[in-house]
Amino acid sequence: MVFRRDVSLHDGSLMPRFGMGTWHLAEGRRSPAQEEAALKAGLDAGISLIDTAEMYADGRAESLVGRAITGYDRSRLFLVSKVYPHNAGRRQLRRSLEASLRRLGTDYLDMYLLHWRGSIPLAETVDCMERAKSDGLIRNWGVSNFDIDDMRELFATPGGDLCAVNQDLYHLGSRGVEFSLLPWMDAHGVPLMAYCPMAQAGRLNRRILDDPAVRAVASAHGVGPIQVLLAFVLRRDDTIAIPCSGDARHVLDNLRACDLALSADELAALDDAFPAPTSKEPLDMQ
Ligand SMILES: NC(=O)c1ccc[n+]([C@@H]2O[C@H](COP(=O)([O-])OP(=O)(O)OC[C@H]3O[C@@H](n4cnc5c(N)ncnc54)[C@H](OP(=O)(O)O)[C@@H]3O)[C@@H](O)[C@H]2O)c1
């Protein structure tokens with residue numbers, strides 16, 4: 001199996017399937033230089049997608065990304081940011097977007113997401129997103145933390161079917177979206193951006209990295225359990241993974257998941273250990 005590097009969006013444009021997340025970066029856990037070096041290591045290795053948000057470290061994650069991408073060809077990058085729900089209306093969205101662009105040091109975003117649903121009507125957010133698109137400030141827009149009922153309501157809203165992606169939590173230990181949301185998204189041409197694809201290195205599911213099935217697949221391929229988790233998410237052609245790391249070594253290790261094709265037997269063993277849902281489950285969120 002050859003790894004498909006991009007997904008096609010509804011307008012025919014391409015979006016990379018492997019990116020770098022930025023939540024918890026720029027919060028002082030590591031030096032800014034180290035985190036910038038981690039992002040640059042990814043860029044140098046060919047990772048062009050970076051996912052950030054106005055929320056992350058109060059805008060400092062966007063500023064970190066802005067510093068990291070300085071000197072790289074903007075046209076080869078795919079930058080995603082997110083607007084707070086309370087800023088996703090007529091009075092605020094443009095101001096939030098312009099602030100994000102300033103911090104990122106760019107004049108457009110490739111993708112702008114509503115971070116989660118708030119009280120501003122979807123129709124108003126869609127209208128603001130479409131205006132930002134017409135004005136050339138964003139190439140596409142999407143949503144995050146939307147479950148199937150939210151997606152249905154969005155698609156019933158005028159212009160709502162122009163939503164390009166939905167970013168939700170998805171990893172081997174949290175497969176609830178597979179029951180009805182992913183089939184719905186597949187049918188409507190909305191790719192999934194999978195966040196926490198490594199269950200935050202096991203923090204969201206303590207047994208996942210020590211699971212014998214995960215370990216067996218990892219040792220068969222000469223990789224670690226983290227890469228198996230990423231390969232599991234990436235087995236779906238219409239899924240984008242955005243693992244986060246502030247460590248250059250980890251960024252490069254994670255990229256190895258793109259070359260890891262899981263066999264049918266391996267997928268069956270992972271299915272046995274972490275079964276797919278058999279009924280609707282509430283959307284898992286972070
Ligand atoms: N839309 C939303 O509501 C939402 C919510 C959550 C996340 N997100 C997005 O999705 C991205 C990914 O999610 P996430 O950051 O929560 O979780 P994640 O990517 O599953 O895990 C991140 C954690 O894994 C560690 N890690 C990464 N690579 C590793 C490796 N090779 N070996 C060992 N540890 C490793 C990182 O630590 P080190 O820095 O030490 O490598 C970090 O603590 C976020 O950064 C953000 O951009 C979106």
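Before I start, one convention: a residue counts as buried when its relative accessible area is under 20%, as exposed when that value is over 50%, and as partly exposed in between. What I am showing is a predicted model, and I will go through its salt bridges, one helix, one residue on another helix, and the ligand.

Let me begin with Glu 178, whose relative accessible area is 18%, so that this residue falls under the 20% cut-off and is called buried. Its partner in a salt bridge is Arg 235, with 3.4 Å between the closest N and O atoms. The two residues sit in distant parts of the chain, 57 residues apart, with Glu 178 in the loop between β8 (166-169) and α6 (181-187), and Arg 235 in the loop between α8 (225-234) and β10 (239-241). Arg 235, at 23% relative accessibility, counts as partly exposed. This pair does not stand alone, since a network of salt bridges links Arg 175, Glu 178, Arg 235 and Asp 271.

In general, side chains of opposite charge can pair when their charged atoms come close. Over the whole structure, the search returns 21 salt bridges, and I would like to set out two further examples.

In one of them, the side chains of Arg 103 and Glu 62 meet at 2.7 Å, N to O. Because Arg 103 belongs to helix α3 (residues 93-104) and Glu 62 to helix α2 (residues 60-68), this pair ties together parts that are 41 residues apart in sequence. Glu 62 is buried, with a relative accessible area of 0%, whereas Arg 103 is partly exposed at 26%.

In the other, Glu 27 pairs with Arg 29, and the closest N and O atoms are 3.8 Å apart. Here Glu 27 is partly exposed, with a relative accessible area of 35%, while Arg 29 counts as exposed at 58%.

Now to helix α4, which covers residues 122-134. Its 13 residues reach 18 Å from the first C-alpha to the last, close to the 18 Å expected at 1.5 Å a residue. Which residues of α4 are buried? They are Leu 122, Glu 124, Thr 125, Val 126, Cys 128, Met 129, Glu 130 and Ala 132, and you will notice that two glutamates, Glu 124 and Glu 130, are on that list. The cover over these buried residues includes β5 (78-83), α3, β6 (111-114), β7 (141-144) and α5 (148-155). After the helix comes Gly 136, which has a positive phi, near 80°.

Helix α5, one of the elements covering α4, also contains Glu 153. This residue is partly exposed, at 41% relative accessibility, and, leaving aside residues up to four places away in sequence, Glu 153 touches Arg 117 and Leu 122. Leu 122 has already appeared among the buried residues of α4. As for Lys 280, it lies 127 residues from Glu 153 in sequence, and the two C-alpha atoms are 18 Å apart in space.

Finally, the ligand. There are 27 residues around the ligand, and those that come nearest are Arg 30, Asp 51, Arg 203, Ser 245 and His 250. Polar backbone atoms take part in the contacts, with one of Trp 23 at 2.9 Å from an oxygen atom of the ligand, and a polar side-chain atom of His 115 lies 3.4 Å from a ligand oxygen. A polar backbone atom of Cys 244 is also found 2.9 Å from an oxygen atom of the ligand. Taken alone, the ligand exposes 890 Å², and the protein buries 88% of that.

Notes:
Residues are numbered from 1 along each chain as its sequence is written. This is a predicted model: local features need pLDDT of at least 70, side-chain atom pairs count only at pLDDT 80 or more; totals for chains, interfaces and linings use all residues. Side-chain values use heavy atoms; hydrogens and water are left out. A salt bridge is a side-chain nitrogen of Lys or Arg within 4 Å of a carboxyl oxygen of Asp or Glu. Buried means under 20% relative accessible area, exposed over 50%, partly exposed in between (1.4 Å probe, protein chains only). Helices (H or I, at least four residues) and strands (E, at least two) are DSSP runs, numbered from the N terminus. The expected span of a helix is 1.5 Å times one less than its number of residues. Contact means heavy atoms within 4.5 Å. A residue is near a molecule or strand if one of its heavy atoms lies within 4 Å of it. A polar contact is a pair of N or O atoms within 3.5 Å; within protein, one must be able to donate a hydrogen and the other to accept it, and residues adjacent in sequence count only if both atoms are side-chain atoms. Accessible areas come from the Shrake-Rupley method with a 1.4 Å probe; for residues, only the protein chains shown count as cover.
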